[in-house]
Protein chains: 2
Amino acid sequence: MPVTLQDVADRLSVSIATVSRALADVPGVAPATRLRVLAAAEEMGYHPNVMAQRLQKRRTDTLGFIIPTFGPRFSDPYFSELLAGIGNEAAEHEYDLLVSTRAPGTEELALYERVVKERRVDGLLVVRTRRQDARIAYLIEQQFPFVAFGRSDLEGDFPYLDVDGQAGLEELMAYLVAQGHRRIAYVSAPLNLMFANYRLAGYREALSRAGLPYDESLVVTGGLTDMDGYEAGREFLQRANPPTAIIAGNDLMALGVMSAAQELGLRVGRDVSIAGFDDISLAELAHPSLTTLRQPIYQIGQRICDMLLCLLNGTAPEVSQVLLKPELIVRQSTGRVG
Amino acid sequence: MPVTLQDVADRLSVSIATVSRALADVPGVAPATRLRVLAAAEEMGYHPNVMAQRLQKRRTDTLGFIIPTFGPRFSDPYFSELLAGIGNEAAEHEYDLLVSTRAPGTEELALYERVVKERRVDGLLVVRTRRQDARIAYLIEQQFPFVAFGRSDLEGDFPYLDVDGQAGLEELMAYLVAQGHRRIAYVSAPLNLMFANYRLAGYREALSRAGLPYDESLVVTGGLTDMDGYEAGREFLQRANPPTAIIAGNDLMALGVMSAAQELGLRVGRDVSIAGFDDISLAELAHPSLTTLRQPIYQIGQRICDMLLCLLNGTAPEVSQVLLKPELIVRQSTGRVG
DNA sequence: ATTATACTCGTAAACGTTTACGTTGTCAAG
DNA sequence: CTTGACAACGTAAACGTTTACGAGTATAAT
């Protein structure tokens, strides 16, 4: 039903090869013929069959992005923005984006294997790296092109982009200490996630630099959601000797901590200081607005997508391991210890 | 490099057709041979080349989902959840999901045309329907399979699933009126979006049922983001005679309105009542928690995906136009007029 | 005039599948 | 022993491209 190269060729009484060449704008076709072909193709409504092209070219012109999710809901605003960045950048370069969501685990790995083995995509984007990340280990072993958002503790080199969570937390802590805080609690993301380790390390490093002791009881490792932050915050703030400041491993949890504080009648920013990490759009709009470490997530999406495209096109090796510094954004949710 | 049917066939000294048949589990191959083939394929690490399959079968086994976004950021938690629902359901049925993001406009339509013409996907999911929706008009004209989330004001029938925003708003308004509210403001989403019209219609219908006048000055049509809600809320609440309740067209805007109210020193739920629409996960966690109309977004994603799959497989025509009722969730952000 | 060079184009072989059709062989019924 | 049916398998043609190679023609150089 759809019009093919053959149809156009027949109409013009030329060979299918000529039509192909004319359309692909490769040399070897007389300018006059090229114009005739272009006109005919346009008029007949010719559109290439991409599957045929892909089979022949042995590339899919498609990037893969498998979003790790816990439970059915993944409202994490973080991913939507990352997706937008990746998607728009991919589109810019005429690449399709294949998206799947899967909870971490064996099914997830099986999906990676299928995608790789069946050559559904040319390259993959791996996000939220984990300790001994099986996905990365697999991709390295298969020598499959990919770029990760986040570093890893595995042997072997691979291209990644990461935000320096350790440096970020050190800066945030220094700021809080300068505000007079001495009992600073930390709500960590699950420690099997690489970023959680770096941020925790930054927290500890800052403590020792400030000459403060590391108090286990001030660190709790929760999940990733607002609900987790809420529960941790509630627990911290109901203690006999509560912390004067609480840092959460991400903004969503920080917002949860804020909820808990407010529910207990505390004035956030005065009675207790609260800070997060990410700077999702709600951080600015929360009441009070949230002090946080900004990661330019949209741009990160663009960037890792770009890195992957370079890798695929063999252009400019460039720097393949990038470390960005998050930006401390001080807002109303933190203040001098009162 | 990768193993093909030919390789397996050679190894067993059978024809490539036999291998294909054995693997596809179609009749016409001796049980013994089938086992030999299966074993060899497994051992050799054979994986079908999906592009070849797709070319030959003339289907892509891929669904398309083009996310409409405004500006670079689309933090709308709404879409991430919808995406998860769609993605998981598609995966369940062995379908790939092709995702793009594009701002509404001519480029967006061009993308639809390309996707359709080049047969990149078997079917499309259209969300956030608009007045005189050009996407839908095009797909109907091309007779391309699709399912919409949201109705339309176009001629012609098409499969859709929608949440009854009008009924929802009527219920919410009835509740607020019962709480003694008489001056109820409404922050609408852009009126070129179908859902915004239905919700506004519900608002007006409820007013007239309650014998209340429709006061233009109490309705403002903003955007979709928390920022838009913030600005609208600020404007309403700084008036000489402010409304006692404000309804926003979605939760994100409602949270913005709440911020504005709190910034002005108002106690939300007592001095002013605020309600939204969607029930995103932050609604429950906001402080105070947000009264809203719940749409089961994840399930909606699954459902429209399912409807599309049925359509593609020609199975069970079923009911192809579904209207769900949103559920009113009363929380702390609304209360008796004080 | 001859040869070389460049350009234009067609032929045909790939890419890796699926599947209609034909061939061969086996076995039971006549 | 012949015939027919049926099962198991192979051959080959598709699906719609891209591209190496070669053939043919025109132009320039000798």
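Which residue of β8(A) stands opposite A:Y186? In this predicted model, the residue is A:I247. The pairing belongs to a parallel arrangement: β6(A) and strand β8 (residues 245–248) of chain A are joined by four bridges. A second parallel neighbour is strand β7 (residues 219–221) of chain A, joined to β6(A) by three bridges. Here A:V187 has A:V220 as its bridge partner. The connection from β6(A) to β7(A) involves helix α9 (residues 194–209) of chain A, and the three elements make a right-handed β-α-β unit.

Strand β6 (residues 184–188) of chain A is largely enclosed by the rest of the structure, because five of its five residues are buried. In a regular strand, side chains alternate between the two faces of the sheet. In β6(A), A:I184, A:Y186 and A:S188 point one way. A:A185 and A:V187 point the other way. Residues on both sides are buried.

The protein surface near DNA strand C draws on both protein chains. Of the 28 residues around the strand, those that come nearest are A:S15, A:T18, A:A30, A:T33 and B:S20. Sugar and phosphate make up 66% of the atoms of DNA strand C that come within 4 Å of the protein. By class, the surface holds twelve nonpolar, twelve polar and four charged residues.

Polar contacts reach several parts of the DNA strand. The side chain of A:T18 places an N or O atom 2.5 Å from a phosphate oxygen of DNA strand C. For A:R21, a side-chain N or O atom lies 2.9 Å from a base nitrogen. For B:Q56, the corresponding distance is 3.3 Å, to a sugar or linking oxygen. Several helices give two or more residues each to this surface. In chain A they are α2 (16–24), α3 (31–44) and α4 (50–57). In chain B they are α2 (16–24) and α4 (50–57).

Salt bridges number 41 over all chains. One of them joins B:R130 and B:E108, with the closest N and O atoms 2.4 Å apart. This pair links distant parts of the chain, 22 residues apart. B:R130 lies in the loop between β3 (123–127) and α7 (134–142) of chain B, whereas B:E108 lies in helix α6 (residues 106–117) of chain B. B:R130 counts as buried because its relative accessibility is 12%. B:E108 also counts as buried, at 2%.

A further salt bridge in chain B connects the side chains of B:D162 and B:R151, at 2.9 Å from N to O. B:D162 is in strand β5 (residues 160–163) and B:R151 in the loop between β4 (146–149) and β5, so the pair ties together parts eleven residues apart in sequence. B:D162 is buried, with a relative accessible area of 6%. B:R151 is buried at 12%.

B:D279 and B:R331 also meet through their side chains, at 3.1 Å from N to O. These residues are 52 apart in the chain. B:D279 sits in the loop between β9 (273–275) and α12 (281–285) of chain B, and B:R331 in the segment after β12 (327–329). Relative accessible area is 8% for B:D279, so this residue is buried. B:R331 is buried at 16%.

Salt bridges also form a network with members in both chains. Chain A contributes A:R54, A:E94 and A:D96. Chain B contributes B:R114, B:E118 and B:R120.

How values were computed: Residues are numbered from 1 along each chain as its sequence is written. Chains are lettered from A and ligands numbered from 1 in the order in which they are written. This is a predicted model: local features need pLDDT of at least 70, side-chain atom pairs count only at pLDDT 80 or more; totals for chains, interfaces and linings use all residues. Side-chain values use heavy atoms; hydrogens and water are left out. Buried means under 20% relative accessible area, exposed over 50%, partly exposed in between (1.4 Å probe, protein chains only). Two strands pair if DSSP finds at least two bridges between them. A crossover is right-handed if, with the strands pointing away from the viewer, the path from the first strand over the helix to the second runs clockwise. A residue is near a molecule or strand if one of its heavy atoms lies within 4 Å of it. A polar contact is a pair of N or O atoms within 3.5 Å; within protein, one must be able to donate a hydrogen and the other to accept it, and residues adjacent in sequence count only if both atoms are side-chain atoms. Ala, Val, Leu, Ile, Met, Phe, Trp, Tyr, Cys and Pro count as nonpolar, Asp, Glu, Lys and Arg as charged, and the others, Gly among them, as polar. A salt bridge is a side-chain nitrogen of Lys or Arg within 4 Å of a carboxyl oxygen of Asp or Glu.
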